Amino acid sequence: MTQEMPKNYNPAEVEQKWYKFWEENGLFKPDQKSKADPFTIVIPPPNVTGQLHMGHALDNSLQDVLIRYKRMQGFNTLWIPGTDHAGIATQNVVEKALRKEGKTKDDLGREKFVEKVWEWKKEYGGKITQQLRRLGASCDWSRERFTMDEGLSKAVRREFVQLYKEGLIYRGKRIINWCPRCGTALSDIEVEHTPKKGKLWHIKYSTNPHPLSLSHRERDVPKGQGEGPISITVATTRPETMLGDTAVAVNPKDTRYKHLHGKSITLPLVGRKIPIITDDFVDPEFGTGAVKVTPAHDPNDYMMGERHNLPKINILTPDAKITFEEFESAEREKVKAISGLDRFKAREKIVEMLEEGGHLEKIEDYENSIGTCYRCKQVVEPYLSDQWYVKIKPLAEVAIKAVEDGLIKFVPERWTKVYLQWMTNLRDWCISRQLWWGHQIPVWYCECNEIIVSEEVPKKCPKCGGTKLVQDPDVFDTWFSSALWPFSTLGWPDETQDLKTYYPTSVLVTGYDIITFWVSRMIMTGMHFMKKEPFGTVFIHGLVKDKSGKKMSKSTGNVIDPLEIIDKDGADTLRFTLLSLVVGQGQDMKLTDDRVREAKSFVTKLWNVSRFAQMTNDKCQMSNKSPIPKSKYDKWIISRYNKTVAEVTALIDNFEVGEAARKLYSFVWHDYCDWYVEFSKQNPNPQILSEVLGGILKLLHPFMPFITEEIYFRVKGQGARVKKNDSIMIQEWPKADEQLIDDKAEKEIEELKEVISALRRIRAEYSIPYSKEIKAIIVSKNKFDQETIKKFVKTSEISIISKLEEKVKQVATEVTSSAQVHVPLTGVIDFEKEKARLNKEKESLETNLQRVEQRLSNKKFTDKAPKEAIEDARAQKREFAEKIKIIAARIKSL
């Protein structure tokens, strides 16, 4: 007995019902006793502070397609969910909450603050996982992990201690990204770079403490023509850092400065003698071709300082105030007015002092990229600091070989090059962060200067026996723990059954933006600790952007909330929208309201056609048996269905999920709904209608899990209560039967469809109302089904002839692959009225074309308008011109 389908589909009610059923019946869990091949995915763990955004929605929809597809194919599937503790992000959230109470983390102290964060995590940390459930993610929630749970904490300690014992971890003083507001080092991915308008200050450095007294001739004394005072001008965007300069550098090939090689000059304001060095890194085209070198406050200068053995003088405190602790006493005295100033206040004061002393040559407007903290948006400082580092080269070499040897495959393949380029140019990895929330580094210091590295808390110093041990206050970079994700989530470092069964995992699905920061590190740790690749395939997708191709951000105000779409239109609409946007080469995709509406219409179309099938055949059993075709239309749809099964299966196997979605859309909407359902009204075969629908529901299930489960339950007739084994989720994935592919039947029906479509276009183009019957003259060698044509197009008479003996006047003509289709217009339309209508439409199009051409000929528009706006205008121009051409031909034919 089928469950009658209501007229309208209610996604909110259906989604909640089915997700609860799936989870309560353990349908997401793998079968521990199964002998089937495993198929494993680990979820890229979203931040515990996170809320579902379009990137999450796309990424997890893709993973869910793969896991549901493989589950239906009989694989022993496991999709492990979890969240990342997100050190800096979570600490900032809790600090912000404390500020509302008038408190700071220092008021609580470390231990109490960390307790507060755990309380926050308990109350709010499950938000993102609940939202993933709403999306339909079929994860095994009984295996949910958190990067700071007990098991993963044990894994992180093992990782550090083992690498340290192997000589792959050290503590060193290097340039890092430093956030003065958060008071911590940042990874490159935690720094956001945005173009900003600023200034380029040109400062004169000379051997004369009073450069105003230098004559023009004295400033340019060539080598060998006297040893008078010399001067050199540098350009900088950060004049405050000049206080830490220890050299000026020029390119050795720059002939302008050849006479200054090896000379020394005096640092303005400070009076420090610094050398003029030569280095190939210097760009002769930037500024004056001479650059100031500040090894303690610029990563490139730091490397130059290493090459030339320059001193590194720090001028900033951790909160970005000027300090002269590393200055000579005489130097401090000269610039004491700047001491303690904030970096930007100091900049203003230094520029003022340079100008007063005659050292400032000029100031230019200049736009450059400014790095800001991704959490607090403060400008990040390159900063010399003691940090813990991983020696990356030995790990990277093995990870490079794993990809080069084909153990790991990137899809699309072009991302392999990006990965390999990144891996061959890696610097050592800074893994320490100056935070309280995170995995505290398992290093203890004794009063006797002994350093103890241990997985367990030491009770005493192994050297002196002392018990006054202090743990390193820093925590690990979040990526240090998430680098272990593919195997720590399966129980490592313990040798668990899950680890034996499900590692290596099958595929990692992620955006291209974290290949370098996460994917590469998982490969390195997987190969090092497990001696096996962490996953066989890395499936890379693009980013979801707004309709103009811009990145979505709160500051821009262009964020589209996926939860709003789920609330309004349902999860299946959101999923199918995003999945159908995915293109093969991992390009970014533009999300528009039209695409959402298109997916919603598809959901509605599927519901309505299923209701029709149910009403047509109350015994709609979907038996998986091949039904017997009664007509050529039956043969055609069965052939098209089996081809679609083969194509969609191959596409998913090749990770072309977007193309698979589009292929299914075309088959369901056009072949099945638009054509076969209409054909079947003329030549009914309810069993084929139902069986093909059953196959459609299974093919669509990975893409649209909720509506397919609901229709399958109602149409298949499983009684009032559904059992676990009746779920569509665990039904067998359809297999193509090559014997049922009938190219002859497909060709015959496709040619018929072309003729019907041609007649429909003529009706539309000449505005012939459907109430008015038309005559059709079809010139073809085919013997088309006249009754079907009459039903689809409403014709009073159809003539099918092999050759047109004489030219027919006043006809509309369309040419198809197998026929010429003519419709006499005499008596069907008013020629004068139609010509007047077409002329009016043509004039309107010509006006629009003129406006677009004027815009495109306007240099201000083509120089300043966004690239997308210019492309849109060009597309409009082509469209208007083509329509004008078509209408002109119609007018001529009348």
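## A walk through the predicted model

The protein has 29 helices and 29 strands, where helices (H or I, at least four residues) and strands (E, at least two) are DSSP runs numbered from the N terminus. This is a predicted model, so local features need pLDDT of at least 70 and side-chain atom pairs count only at pLDDT 80 or more, while totals for chains, interfaces and linings use all residues. Residues are numbered from 1 along each chain as its sequence is written, and side-chain values use heavy atoms, with hydrogens and water left out.

### Overall picture

The C-alpha trace spans about 105 × 70 × 55 Å along its principal axes. Of the 894 residues, 53% count as buried; here buried means under 20% relative accessible area, exposed means over 50%, and partly exposed is in between (1.4 Å probe, protein chains only). Take the contacts between residues at least 6 apart in sequence, and 78% of them join residues at least 24 apart, with contact meaning heavy atoms within 4.5 Å.

The accessible surface comes to about 42400 Å², and 48% of that belongs to carbon and sulfur atoms. Areas come from the Shrake-Rupley method with a 1.4 Å probe, and for residues only the protein chains shown count as cover.

### Charges and salt bridges

There are 140 positive and 128 negative charges, and their mean positions are 2 Å apart. Lys and Arg count as positive and Asp and Glu as negative, leaving out His and the chain ends; each charge is placed at NZ of Lys, CZ of Arg, CG of Asp or CD of Glu.

On the surface, Lys96, Arg99, Lys100, Arg181, Arg375 and Lys554 form a positive patch. Patches are made of residues with over 30% relative accessible area and no salt bridge, joining like charges within 9 Å and nonpolar side chains (Val, Leu, Ile, Met, Phe, Trp, Tyr) within 5 Å. One of the patch members, arginine 99, sits in helix α3 (residues 87-100) and is partly exposed at 44% relative accessible area.

The structure holds 57 salt bridges, each a side-chain nitrogen of Lys or Arg within 4 Å of a carboxyl oxygen of Asp or Glu. Here are three of them:

| Salt bridge | N to O distance |
|---|---|
| Glutamate 381 and arginine 238 | 3.0 Å |
| Lysine 568 and aspartate 569 | 3.7 Å |
| Glutamate 746 and arginine 640 | 3.9 Å |

Start with glutamate 381 and arginine 238, whose side chains meet in a salt bridge. Glutamate 381 lies in strand β14 (residues 381-390) and arginine 238 in the loop between β8 (231-236) and β9 (247-250), so the pair ties together parts that are 143 residues apart in sequence. Glutamate 381 is buried at 5% relative accessible area, and arginine 238 is buried too, at 18%.

The bridge between lysine 568 and aspartate 569 pairs an exposed lysine 568 at 62% with a buried aspartate 569 at 9%.

Then there is glutamate 746 with arginine 640. This pair links helix α25 (residues 743-765), home of glutamate 746, to helix α21 (residues 632-653), home of arginine 640, across 106 residues. Glutamate 746 is buried at 9% relative accessibility, and arginine 640 is buried at 15%. Salt bridges with shared partners join Arg640, Lys643, Asp671, Asp743, Glu746, Glu750 and Lys753 into one network.

### Two spots brought together by the fold

Threonine 489 is in the loop between α15 (485-488) and α16 (497-502), and it is buried at 6% relative accessible area. Its C-alpha is 7.6 Å from that of isoleucine 80, even though the two are 409 residues apart along the chain. Leaving aside residues up to four places away in sequence, threonine 489 touches Val42, Ile80, Arg145 and Leu152.

Lysine 892, in helix α29 (residues 867-893), is exposed at 74%. Lysine 892 and lysine 835 are 57 residues apart in sequence, with 9.2 Å from C-alpha to C-alpha.

### Backbone oddities

Most residues other than glycine have a negative phi, and most peptide bonds are trans. Against that background, a cis peptide bond joins tryptophan 492 and proline 493, with omega about 15°; proline 493 is in the loop between α15 and α16. The bond from tyrosine 503 to proline 504 is also cis, with omega near 0°, and proline 504 lies in the loop between α16 and β22 (505-511).

Asparagine 309 has a positive phi, near 55°. Asparagine 309 is found between α9 (299-308) and α10 (329-334), in the loop, and counts as exposed at 71%. Phenylalanine 655 has a positive phi as well, near 65°; its place is the loop between α21 and α22 (657-682), where phenylalanine 655 counts as buried at 17% relative accessibility.
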